[in-house]
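Please look at the sequence and the structure below. The text then goes through the two protein copies, the DNA strands, the domains and one sheet.

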Number of protein chains: 2
Amino acid sequence: MKFESPTIKDIAKALNFSTSTVSRALRGSYEISTDTKKAVLEYAEKINYRPNPIALSLKERRTRAIGVVVSEIANNFFSQAINGIESIAYNRGYHVIITQSHESAEREKVNVEHMAARGVDGLLVSISAEATDISYLKDLHEKGLPIVFFDRVTDEIDTYKVVADNYLGAFHATEHLIYQDYKKIAHITSSPHLSITRERLDGYKAALEKHKIPFNETLVKYCSHGGMIEAEIEDALTELFKAKVKPDAIFTAGDRLTIVTFGILKRMKQKKEVGFTGFTNTQVGDLFSPALTVVRQPAFDIGQTATELLVQLIESKRPITEFETRILKTSLIIRESSAKKVPL
Amino acid sequence: MKFESPTIKDIAKALNFSTSTVSRALRGSYEISTDTKKAVLEYAEKINYRPNPIALSLKERRTRAIGVVVSEIANNFFSQAINGIESIAYNRGYHVIITQSHESAEREKVNVEHMAARGVDGLLVSISAEATDISYLKDLHEKGLPIVFFDRVTDEIDTYKVVADNYLGAFHATEHLIYQDYKKIAHITSSPHLSITRERLDGYKAALEKHKIPFNETLVKYCSHGGMIEAEIEDALTELFKAKVKPDAIFTAGDRLTIVTFGILKRMKQKKEVGFTGFTNTQVGDLFSPALTVVRQPAFDIGQTATELLVQLIESKRPITEFETRILKTSLIIRESSAKKVPL
DNA sequence: CTGAAAGCGCTAACAA
DNA sequence: TTGTTAGCGCTTTCAG
């Protein structure tokens with residue numbers, strides 16, 4: 001089944017002009033007579049002519065498309081970030097191609113390379129939990145493909161980055177738990193490769209230190225699949241509660257991680273006893289039981305900012321060499337799940 | 001900033017062949033000598049040659065891309081459906097372009113036409129709540145663009161459709177509420193234009209009828225923006241509870257609708273008194289308070305099935321004229337929110 | 001077995 | 001003001 005659209009040629013033939021005249025008329029070139037323009041425009045309208053963007057891309061070496069790689073869209077943070085991305089891209093005349101890595105390094109690579117080959121003008125990337133080797137990204141970047149990282153960033157590539165203030169977000173969340181009289185705060189986090197993991201861990205440690213609580217390595221659990229594998233989290237929790245130093249509170253470091261951990265805790269009937277807070281952008285934290293204390297990232301803003309920077313990169317005439325990392329504030333929304341510890 | 005990839009020409013020049021020889025060698029044509037092939041392949045590998053898909057599309061009039069239009073990805077049903085779509089598309093060699101209408105008819109049209117112009121090989125569409133005029137879709141379809149509808153379908157276009165069994169899903173949910181001794185069951189639903197709205201309403205009515213409960217028009221509230229505008233739902237609820245016949249239970253007809261309604265009810269402190277169930281694919285219904293009784297759609301399956309049918313349509317040599325509508329079963333997951341009515 | 005040339009839809013330098 | 005032509009990267013007749 002083919003599906004044909006009218007071309008410039010059709011217009012030219014019908015009106016007895018050359019294709020170049022039609023082309024120019026269509027784009028309102030000043031060197032075309034008003035009559036011709038009018039005739040062409042009218043006829044084009046009549047047959048519902050649409051320029052073929054593929055041909056345009058081939059010619060102009062640009063597609064006006066930007067590619068996005070996230071771990072998954074069924075994640076409150078990313079779906080909100082994507083809305084931010086779209087909102088900017090849309091009125092800058094770009095369209096957005098979304099792909100999911102599902103936290104798989106291989107899938108991420110395939111997606112990126114597909115989009116690069118397909119000729120996106122630039123890439124918005126949030127690195128997957130399992131990715132360790134990002135040399136393929138580095139190659140593309142060195143070849144001149146504009147890339148902006150958001151949320152999960154890397155030091156290995158020098159470009160714009162947009163992140164939440166993970167350090168402070170984690171710091172405040174942890175300190176909040178401390179103020180609520182929790183002392184043995186476990187931290188469940190994602191793959192240690194990720195920037196967000198390190199930053200949030202650092203914030204957690206800093207809060208402990210400030211309040212003279214010794215850091216205990218066994219209270220930190222890494223889930224290298226970022227919560228995609230529920231058993232991983234279940235194991236982590238089991239270990240935590242089997243250890244001699246049992247946690248009295250839990251602080252989780254990612255959207256999926258938070259929701260899944262919360263669910264497991266509830267099933268384990270541990271819910272009542274432990275304080276709980278975590279990074280998540282869920283809209284329904286207040287509907288949970290107990291209502292969830294959360295660290296919320298400015299996902300929409302992050303998406304918008306990253307896109308603005310990317311478009312800037314794409315459209316800049318001369319290579320940009322000075323890059324900044326934008327850090328946006330998180331907010332701590334305090335609800336029931338982190339309520340003051342009840343003395344035993 | 002441009003970002004250049006090696007072309008066939010580069011290979012030809014380096015190896016002193018014509019571009020056609022290189023092209024043939026690359027695709028392993030039988031009429032090329034083994035030596036030549038080997039040389040070309042090796043060199044291509046060495047410089048990391050990738051065929052330019054844009055040029056290919058221009059030539060072959062196909063892109064191996066399928067376009068998706070949903071109202072929003074931050075919706076459990078759609079993000080799960082998209083995962084189903086991707087899973088099939090991916091291993092059939094298609095890539096997936098996702099766009100969101102945000103329930104806006106205009107945005108939907110822009111997206112569809114952009115993708116059509118951009119040359120997707122086919123479209124997977126779930127109609128937006130605000131769409132009334134879909135003649136532009138009809139046009140494209142008549143011109144030969146393969147389209148499969150899923151979830152929110154239309155009678156106006158004859159093609160494959162994949163939906164959940166909305167009628168039975170609504171029927172069972174309503175009947176369940178009736179069995180729990182609720183008698184005045186309100187129905188909060190989306191735009192009356194949508195197929196899912198009609199089907200679910202019919203199921204609701206049928207259950208009432210079966211149990212000899214008179215249908216009361218004032219208990220049905222239409223939110224034509226499908227829950228995108230919270231005030232709309234808030235107004236609906238206020239009206240319901242101000243009326244002389246107050247509902248003792250509520251049945252909601254869509255993912256977003258369900259979550260938002262539940263949240264508002266909770267804020268209104270009406271939660272305790274009314275039975276509640278609704279269509280939603282949330283994964284965390286059991287974490288809510290009260291835990292949510294839900295009608296769950298086989299979103300992943302719907303996505304997969306729709307994609308299989310679309311690929312079939314795209315790849316079929318001769319036009320297909322016999323279309324079916326696949327109807328997949330929903331499941332009712334019973335939890336606390338619909339617990340038996342406490343007698344006053 | 002290999003090359004020259006045309007063409008997919010469009011733009012732009014060059015001619016007229 | 002308009003037409004001719006070449007070319008973007010690739011495939012594919014048609015000729016050797």
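What rotation superposes chain A on chain B? A rotation of 180 degrees does so, with 0.1 Å of shift along its axis and an RMSD of 0.3 Å; the fit is by least squares on the C-alpha atoms of residues with pLDDT of at least 70 in both copies. The two copies are thus related as by a two-fold rotation axis. The same surface serves both copies, as 100% of the contact residues of chain A recur in chain B; a contact here means that the C-beta atoms of two residues, placed from the backbone, lie within 7 Å. Among the residues of chain A, the C-alpha of Phe288(A) comes closest to the axis, at 2.0 Å.

The model is predicted: local features need pLDDT of at least 70 and side-chain atom pairs count only at pLDDT 80 or more, while totals for chains, interfaces and linings use all residues. Residues are numbered from 1 along each chain as its sequence is written, and chains are lettered from A and ligands numbered from 1 in the order in which they are written.

Next come the DNA strands. A residue is near a strand if its C-beta atom, placed from the backbone, lies within 6 Å of it. Around DNA strand D there are 25 residues, and Ser20(A), Thr21(A), Thr7(B), Ser20(B) and Asn52(B) come nearest. Two or more residues each are given by α2 (19–26) and α4 (53–60) of chain A and by α2 (19–26) and α4 (53–60) of chain B. Helices (H or I, at least four residues) and strands (E, at least two) are DSSP runs, numbered from the N terminus. The largest share, five residues, comes from α2(B). Around DNA strand C there are 24 residues, of which Thr7(A), Ser20(A), Asn52(A), Ser20(B) and Thr21(B) come nearest.

Chain A is assigned domain 1 (8–51), domain 2 (62–163 + 299–328) and domain 3 (166–297 + 331–338), with bounds from an automatic or database domain assignment. The C-alpha centres of domain 1 and domain 3 of chain A lie 63 Å apart.

Chain A also has an open sheet of six strands with mixed pairing, in the order β7-β6-β8-β9-β10-β12; two strands pair if DSSP finds at least two bridges between them. β7 (220–222) and β12 (331–333) of chain A stand at the edges with a single partner strand each, so one side of each has no neighbour in the sheet. Strand β6 (residues 185–189) of chain A pairs with β7(A) in the parallel sense over three bridges, and Ile188(A) has Lys221(A) in β7(A) as its bridge partner.
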